[in-house]
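Reader: Hi! I'm just starting out with protein structures, and I'd like a close look at one part of this one. Could you walk me through the largest pocket and whatever connects to it?

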Amino acid sequence: MERESSKKDITFYWGAATSSYQVEGGNHNDWSEFEREHHLTESGLASDHYHRFRDDFEIAKDLGHNAHRFSIEWSRIEPREGEFDEKEIQHYRDVVTALRERGLEPFVTLWHWTVPLWFRDQGGWTSKKAPGQFARLAGRMADALPDVRFWITLNEPNVYTAHGYLRGNWPPGKKWALMQYRTANRMLASAHKKARVVIRQKNKNAEVGITQNVIWFSRRGSWLKDFFFNHYFVRLIGGHQDFLGINYYFSDRGTGQYSDTSWSIDPEGLGHALNTMARYKKPIYIFENGIADAKDDKRGEFILSHVGSMKDAMHNGCDVRGYFYWSLIDNFEWDKGFGPRFGLVEINYETQERHVRKSALAYKQIIEGL
Ligand code: BGC
């Protein structure tokens with residue numbers, strides 16, 4: 001009985017997510033260099049969120065959100081090894097204050113794929129020094145943001161290492177570099193563990209985890225894919241996590257319904273993703289779930305059906321504590337440039353004007369209805 005009532009007291013977090021490089025603008029790091037070298041679209045000013053975060057959070061508040069996930073940009077904070085930029089650290093203090101003032105619980109991601117040039121130049125995530133350096137960054141941020149409770153050390157290490165060390169279409173651009181793939185995964189796992197220890201030493205209330213991209217592989221015989229993509233990294237970090245984040249976008253089934261990026265829309269897959277990750281027996285947060293839909297004619301139904309699938313999983317005992325739509329505002333979509341539109345809020349990249357999409361209001365109603 002007691003457990004029942006204490007469970008009910010837990011706040012359910014509803015919000016949206018962003019990442020520094022995709023929205024802030026004006027960043028110089030391994031990705032901006034990679035874009036230039038490979039003649040890709042440059043992220044440039046992106047959504048100018050670095051200067052407009054207060055306005056953007058005001059919108060999130062009006063949309064009924066009670067939480068927000070964002071990432072800090074390592075290359076701003078530590079532009080040269082061991083040199084921390086106080087002005088940039090203050091920027092993220094201001095971000096957290098702006099969230100708190102609007103009743104939004106901050107969820108801070110420490111690494112959403114971009115790294116400073118000095119870190120890249122010493123071998124990036126394959127360097128033995130990487131875990132210690134990442135833990136130092138984590139300690140610095142935990143000192144700077146003492147009232148932040150939720151820390152996501154790593155965003156989708158599985159997607160990053162697959163693109164960066166196997167496909168080679170993202171930094172560091174290695175193709176089928178299997179040994180480096182393995183080393184990078186191990187270093188990332190060690191970086192997470194070290195960072196978690198440091199953050200928890202500095203902040204007794206902190207909860208620290210990662211967020212993992214999960215695909216539902218529906219076909220029989222896809223256990224190997226399921227293992228390597230969904231579980232390998234989570235197993236590497238073992239019990240060293242206070243929660244487990246899940247980013248879910250699609251399954252491998254053709255459902256006849258597709259997003260602008262041709263991803264198969266499959267809300268049922270989210271239920272399967274939650275069930276498969278429930279084996280780690282940690283509280284689960286859905287830190288990303290979203291759709292590229294420039295016309296905004298599928299997004300409302302997308303959110304409704306995925307939240308429905310999440311609620312079914314919760315009724316069946318899955319301990320889900322939050323849902324974050326990807327993303328709050330349109331943003332720079334890595335190798336795909338500015339084409340795909342994931343935002344609840346549309347951005348006019350010529351004027352940087354914000355326009356709240358209809359589906360954002362549908363999401364607001366879903367939030368109010370729970
Ligand atoms: C990433 C985001 C990205 C989104 C949509 C996720 O895998 O974490 O950075 O924008 O997918 O492609």
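**A close look at the largest pocket**

Author: Sure, let's start with what the pocket is made of: its lining splits into 17 nonpolar, 6 polar and 8 charged residues. Keep in mind that we're looking at a predicted model. The volume of this largest pocket comes to about 770 Å³. Of the 31 residues lining it, Val159, His163, Arg167, Phe229 and Phe250 sit closest to the centre. Which elements give two or more residues to the lining? They are helix 9 (157-167), strand 5 (207-216), helix 11 (223-237) and strand 6. Helix 9 hands over the largest share, 6 residues.

Now let's follow one of those central residues, Phe250. Phenylalanine 250 forms an aromatic pair with tryptophan 263, one of 43 such pairs by the rule used here. The ring centres are 5.1 Å apart and the planes make 50 degrees, so the pair counts as tilted, a label for angles that are neither under 30 degrees nor over 60. Why does this pair tie separate parts together? Phenylalanine 250 belongs to strand 6, while tryptophan 263 is in the loop between strand 6 and helix 12 (267-277), so the contact links parts 13 residues apart in sequence.

Tryptophan 263 leads us on to a second space. Together with Tyr249, Ser259, Ser264, Ile265, Gly290, Ile291 and Phe302, Trp263 lines the second largest cavity. That cavity has a volume of about 40 Å³, and its lining has 5 nonpolar residues, 3 polar ones and no charged ones.

How many cavities of 30 Å³ or more are there? The structure holds 2. The largest cavity has a volume of about 80 Å³. It is lined by 14 residues, with Glu24, His49, Phe70, Ser71 and Tyr92 nearest its centre. Helix 4 (49-62) supplies the largest share of that lining, 4 residues. Here the split is 7 nonpolar, 6 polar and 1 charged.

Let's step back to the framework. Strands 5 and 6, which we met at the pocket, are part of a barrel: 8 strands close up in the order 1-2-3-4-5-6-7-8, with parallel pairing. From one strand to the next, the twist averages 30 degrees. Where does the barrel close? Strand 1 (residues 13-17) runs parallel to strand 8 (residues 320-326), and 5 bridges join the two. Across that seam, alanine 17 stands opposite tryptophan 326. Helix 13 (residues 299-315) packs on the sheet and touches strand 1, strand 6 (244-251), strand 7 (284-288) and strand 8. The direction of helix 13 makes about 165 degrees with that of strand 8.

A few backbone details are worth spotting too. Most peptide bonds are trans, and most residues other than glycine have a negative phi. Tryptophan 326, from the seam, is joined to serine 327 by a cis peptide bond, with omega at about 0 degrees. Serine 327 is in the loop between strand 8 and strand 9 (345-348). The bond from proline 171 to proline 172 is cis as well, with omega near 0 degrees, and proline 172 is in the loop between helix 9 and helix 10 (178-202). Finally, aspartate 296 isn't a glycine, yet it has a positive phi of about 60 degrees; you'll find aspartate 296 in the loop between strand 7 and helix 13.

Key:
Residues numbered from 1 in each chain as written. Predicted model: local features only at pLDDT ≥ 70, side-chain atom pairs only at ≥ 80, totals over all residues. Heavy atoms only, no water. Pairing = 2+ DSSP bridges. Axes fitted to C-alpha atoms, helices over the stretch in contact; angles between N-to-C directions. Contact = heavy atoms within 4.5 Å. 1 Å grid on protein atoms, 1.4 Å probe; cavity = no way out; pocket = protein on both sides within 12 Å on 5 of 7 lines; lining within 4 Å. Points joined across faces, edges and corners; volume = space filled by probe spheres on them. Nonpolar A, V, L, I, M, F, W, Y, C, P; charged D, E, K, R; others polar. Phe/Tyr/Trp six-rings, centres within 6.5 Å; stacked < 30°, edge-to-face > 60°.
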